[in-house]
Structures are given as structure tokens and as C-alpha cells.
Amino acid sequence: METIPESSTARKRRRDEENVQESEDNDEALPLEQSLTFSDTLVALRIMRAQFPQIEKVSVQPFILRSQLYSSVKDRTQVDRELELLRRDKVLRIFKLNTGQDDHAIMFMDDYLHQIERIIKRMESKKQDELPVFEWFRTHVITSKLEPSIDHEELWTLLSFGGKVTDEHISLLINAGLLENMVDGLQSVLVLTMPFTFQTRQLIDPNMYWFAIPNIGSLLKGLSQGRKELLSFLNRRRYKEMMLAPLEKKRLRLSPLDMRFHLRDLIGAGHVKTVHTPSGLVVRVSKD
């Protein structure tokens with residue numbers, strides 16, 4: 001049988017996979033100043049996954065914000081292109097978040113499937129008869145529908161490949177946090193605008209669902225509050241700036257996510273920027 005030659009892209013991805021564990025081990029404990037930028041999206045994702053803060057009493061697999069990738073890989077077009085390839089290859093999933101109009105979370109597919117397994121175990125004692133819907137969701141929906149949202153008719157059709165679907169099945173997926181109905185949740189989103197205020201917008205469509213990350217609610221609240229707290233802190237300083245090294249060591253009162261997580265987010269979103277100085281990197285609030 002003729003051997004199919006491996007493409008250059010496939011070879012590059014394979015080399016990245018072989019080397020990424022070493023990168024994670026080396027960079028997990030590094031300060032942000034020494035692990036701020038990367039040349040490859042997948043490597044950046046793996047390392048930021050390893051650096052995801054350990055949060056007590058919150059059962060959520062590590063996720064990365066798209067804005068954090070923008071802070072770490074200079075070419076945003078490259079980030080978007082590589083994310084699309086990884087999404088199509090089912091390496092990861094991208095989720096629309098309700099903290100801001102442009103907020104998206106990225107989770108590796110293996111982590112997302114593990115999150116679903118946790119949900120199944122949690123729900124086993126409550127809805128025994130309808131539990132098969134989780135397997136239908138995992139087998140027929142997750143593998144077929146890779147976009148961040150799905151309409152009701154397509155969801156029903158895909159689930160039907162597993163068995164006879166009822167409204168109870170859909171409700172169970174929503175209650176488990178795997179789907180978010182755009183009407184039930186009203187999708188009241190807090191959009192961060194400069195200098196550090198929030199505007200509320202609503203996204204309503206009775207026939208659409210967002211794919212969602214279960215148990216993420218408290219972290220999204222912390223994300224929004226932490227953004228505001230960090231920007232407020234910097235704006236109160238005389239020159240609206242602070243050296244990155246001591247800033248990274250500070251703890252936020254209103255967010256369980258660590259300072260490194262928030263700094264990557266705000267840098268990528270353009271609300272703050274880093275400036276090289278003889279003493280090291282400075283974090284400075286961006287001008288309007």
C-alpha cells in the first residue's frame with residue numbers, strides 16, 4: 001500500500017505536540033514577563049492551560065480567552081486562522097461568553113468531554129430515565145456541530161440519532177449548563193468600554209442556543225468584576241501604570257481568577273498595554 005506523505009502542517013503540529021509538555025513544565029511557574037509572548041497559537045494555548053489558576057470549590061476545566069491569545073501571539077490573523085484549523089480538527093471548542101460582546105473562551109476538546117463526564121456523574125441520581133441524552137449530546141452533537149451556537153431544529157435532529165427526543169431532554173441539557181437558551185438567559189451581557197464602564201446589551205433569539213461551559217457562572221462574574229477592579233486600580237495611580245513584576249503578585253478582591261489571567265485578557269483586549277523600560281515591562285492604561 002502506498003504511503004501518503006505527511007504534510008508540512010501536520011509535521012509542524014506533530015512536533016509541537018511532542019515538545020509542548022516540556023514547554024508547559026518549563027513555563028508553568030515562570031513570571032508573566034518571561035512568558036508573555038509566543039510564536040505559535042497551539043503552544044500558547046497549552047501553556048496558558050497549564051497556568052490556569054487553581055480555584056477551590058469551582059469545578060471547571062481550564063479555559064483560555066481569545067483576548068489572552070491576542071496578547072501573546074502578535075499576529076491576530078494568525079491566531080484566528082490557527083484557531084479555526086484547530087476547531088475544525090476537533091482539538092478544541094470555542095464558546096461565546098456572556099460577559100462581553102466579543103468574549104470567547106477556548107477549551108480543549110478532551111477537557112470539555114471530561115467536564116461532560118463530571119456533569120453526568122452529578123446528574124445520575126436525579127434523572128435516571130433521561131441520562132442517555134448526555135451520551136447522545138456527546139456522540140451526535142458535539143462531534144457534528146463545531147460552531148458556538150446551534151438552532152433548536154438542528155439540535156433536535158442531531159439528538160434524534162441517539163433516540164426519541166423530548167422537551168425534557170433539552171431542559172436537562174440546559175439545566176446541566178451545557179446549553180444556554182438565548183431567551184431564558186436573556187443574554188444580558190456586560191460590555192466593557194473605555195475607560196472602565198459597562199454597558200448592558202441583550203441578545204435574544206427563541207430558536208437558538210449557545211453551547212456553554214458548565215459551572216462557569218461564578219468565574220464569569222469574577223472576570224467582569226476583576227476587569228473593572230484592575231482598571232480602576234491602575235487609573236488611580238499617578239501615571240496610570242505600574243511595573244509588571246510587582247503588579248502580577250497582587251491579588252484582586254473581587255475575582256477568583258489570578259492577576260496573570262486578567263492581565264493577559266486586558267492586554268489582548270487593548271485596555272492596557274505593556275511598555276519596555278530599562279527596569280522591565282510596565283503595564284499602562286491605554287488612552288481612549
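**View A. Contacts of Thr143.** Thr143 touches Lys90 and Arg138, leaving aside residues up to four places away in sequence; contact denotes heavy atoms within 4.5 Å. This is a predicted model, in which local features need pLDDT of at least 70 and side-chain atom pairs count only at pLDDT 80 or more, whereas totals for chains, interfaces and linings use all residues. Residues are numbered from 1 along each chain as its sequence is written, and side-chain values use heavy atoms, with hydrogens and water left out. Thr143 belongs to the loop between helix 6 (132-141) and strand 4 (149-151); helices (H or I, at least four residues) and strands (E, at least two) are DSSP runs numbered from the N terminus. The C-alpha atoms of Thr143 and Met109, 34 residues apart along the chain, are separated by 9.9 Å.

**View B. The open sheet of three strands.** Its strand order is 4-8-5, with antiparallel pairing; two strands pair if DSSP finds at least two bridges between them. Strand 4 and strand 5 (179-181) stand at the edges with a single partner strand each, so one side of each has no neighbour in the sheet.

**View C. Pairing of strand 5 with strand 8.** Strand 5 and strand 8 (residues 208-211) are joined in the antiparallel sense over three bridges. Leu179 has Phe211 of strand 8 as its bridge partner.

**View D. Helix 7 on the sheet.** Helix 7 (residues 152-160) packs on the sheet and touches strand 4, strand 5 and strand 8. The direction of helix 7 makes about 85° with that of strand 4; axes are lines fitted to C-alpha atoms, for helices over the stretch in contact, and angles run from 0 to 180 degrees between N-to-C directions.
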